[in-house]
Amino acid sequence: MKIQENESIELPKENPEAKDFLPLLGTDYVELYVGNAKQAAYYYMSAWGFQPLAYAGLETGLKDRVSYVIQQDKIRLVLTSSLVAGGEINRHVDAHGDGVKAIALWVADSASSYRETTSRGAESYMTPEVLEDEDGRAVISGIHTYGETVHLFVERKDYHGVFLPGYSSWNPRYQPTSVGLRYIDHMVGNVGWNEMNKWCEFYAKVMGFAQLVSFDDKDISTDYTALMSKVMSNGNGRIKFPINEPADGRKKSQIEEYIQFYNGAGVQHMAMATNNIIETVSGLRDRGVEFLTVPSSYYDDVLDRVGEIDEELEPLKELGILIDRDDEGYLLQIFTKPVLDRPTMFIEIIQRKGAKSFGKGNFKALFEAIEREQEARGTL
Ligand code: FE2
């Protein structure tokens with residue numbers, strides 16, 4: 001199903017077309033392979049308000065890797081680095097730079113999730129493994145998705161420890177305050193030319209997802225660059241994975257720039273939800289997080305486009321927060337500059353006020369902002 005221009009977009013509260021045979025209870029954690037996990041953890045704590053949760057490394061019996069687990073409300077990030085030369089983590093970092101390796105999904109039964117997905121054609125990453133320590137047992141299995149990204153199925157109903165077996169509680173003196181981030185709203189994958197439909201079909205066939213909404217290149221092309229995007233969601237609507245592919249434009253697509261620097265498909269952005277975007281973004285900005293800005297002319301007619309909103313316009317304009325509306329309500333959103341050295345992954349902050357969509361009305365203003373950054377990098 002492709003939604004034509006001007007056709008109204010209906011977004012179901014949940015996704016009735018999806019077949020929830022897994023089912024997915026939520027995002028369990030996101031693991032990044034990084035060059036220096038200790039310093040990455042400190043960045044996400046100091047700049048992003050994550051709190052320390054768990055640790056695994058030499059002190060807990062690991063020989064070749066270290067992981068720091070940090071948390072803010074329901075969002076858990078795991079930052080993992082190699083402690084030795086060579087090996088899978090270093091190879092991943094060499095190829096991709098710091099980036100998301102695993103989107104771990106919380107399930108009731110990991111072995112059944114593995115069976116249901118691999119029997120539908122998913123490539124195995126990890127057969128179900130039982131992990132145990134004095135706090136109970138957890139089961140983890142995994143499958144491959146786009147690029148070198150994987151999905152892990154985490155079953156933790158019999159586990160009562162701080163994170164997962166093998167991790168010890170991490171309770172340093174430094175306990176930064178939250179900036180109000182609550183949960184992962186969606187995670188977006190960038191895939192190569194003409195690969196969007198292949199990966200949407202993967203999520204439909206292998207994981208029982210259904211498509212929520214699509215943007216074609218007419219919706220989201222600027223003078224120079226373009227992309228296509230479709231949003232896949234599971235049945236209960238807790239997991240939403242938009243998939244982007246590059247489209248032809250006069251100059252290089254921002255998706256192509258990503259693919260070039262990431263060396264293939266991967267996670268483009270994580271969207272984190274807040275209940276008060278003005279407070280959250282003010283806090284992040286004070287702590288050094290850099291956001292994309294739009295020209296102040298964006299705000300001249302934005303209320304004509306989106307109608308009445310609860311917030312004052314002035315602070316939104318001051319912070320560069322974007323506004324969009326769909327049939328069910330409106331949303332406020334803003335995007336950071338890349339949070340890594342390479343122009344690859346960034347983070348979106350989103351506050352939903354009824355809207356179930358993804359800010360389509362902002363895409364043009366946003367992409368023009370991204371192009372100004374690409375111009376400065378000489379990669380447009
Ligand atoms: Fe997004």
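The buried residues of helix H6 are covered by elements that include strand S10 (181–190), S14, helix H8 (313–319), strand S16 (329–335) and S17. Contact here means heavy atoms within 4.5 Å, and buried means under 20% relative accessible area, exposed over 50%, partly exposed in between (1.4 Å probe, protein chains only). Helices (H or I, at least four residues) and strands (E, at least two) are DSSP runs numbered from the N terminus.

The model is predicted: local features need pLDDT of at least 70, side-chain atom pairs count only at pLDDT 80 or more, and totals for chains, interfaces and linings use all residues. Residues are numbered from 1 along each chain as its sequence is written, and side-chain values use heavy atoms, with hydrogens and water left out.

**Two helices**

H6 spans residues 277–286, and its buried residues are Ile277, Thr280, Val281, Gly283 and Leu284. They cover an arc of only 160 degrees around the axis, which puts them on the same side of H6; the arc is that of the directions from the helix axis to the C-beta atoms. An α-helix has 3.6 residues a turn, so residues three or four places apart point the same way.

In H4, the buried residues are Met196, Trp199, Cys200, Phe202, Tyr203, Val206 and Met207. Their arc is only 155 degrees, which places them on the same side of H4.

| Helix | Exposed residues on the other side | Glycine after the helix, with its phi |
|---|---|---|
| H4 | Glu201, Lys205 | Gly208, positive, near 75 degrees |
| H6 | Glu279, Asp286 | Gly288, positive, about 105 degrees |

**Nonpolar cores**

A nonpolar core is a set of buried Ala, Val, Leu, Ile, Met, Phe, Trp, Tyr and Cys residues joined through side-chain atoms within 4.5 Å. The largest one has 92 residues, and those with the most contacts inside it are Tyr44, Trp48, Phe50, Met207 and Ile349. H4 gives the largest share of this core, 7 residues. Domain 1 (26–169) and domain 2 (181–377) both contribute residues, so this core lies between them; the domain bounds come from an automatic or database domain assignment. A second, separate core of 16 residues includes Ala54, Val69, Ala102 and Ile140.

**Iron site**

Which protein donors does the iron ion have? They are His186 (NE2), His269 (NE2) and Glu348 (OE), lying 2.0 to 2.2 Å from the ion. Donors are N, O and S atoms within 2.8 Å of the metal (3.2 Å for Na, K and Ca); water is not among the atoms, so sites may look incomplete. The donor residues are spaced H-x82-H-x78-E in sequence. His269 in strand S14 (residues 266–274) and Glu348 in strand S17 (residues 346–353) are 79 residues apart, a pair that links distant parts of the chain. Both His269 and Glu348 are buried.
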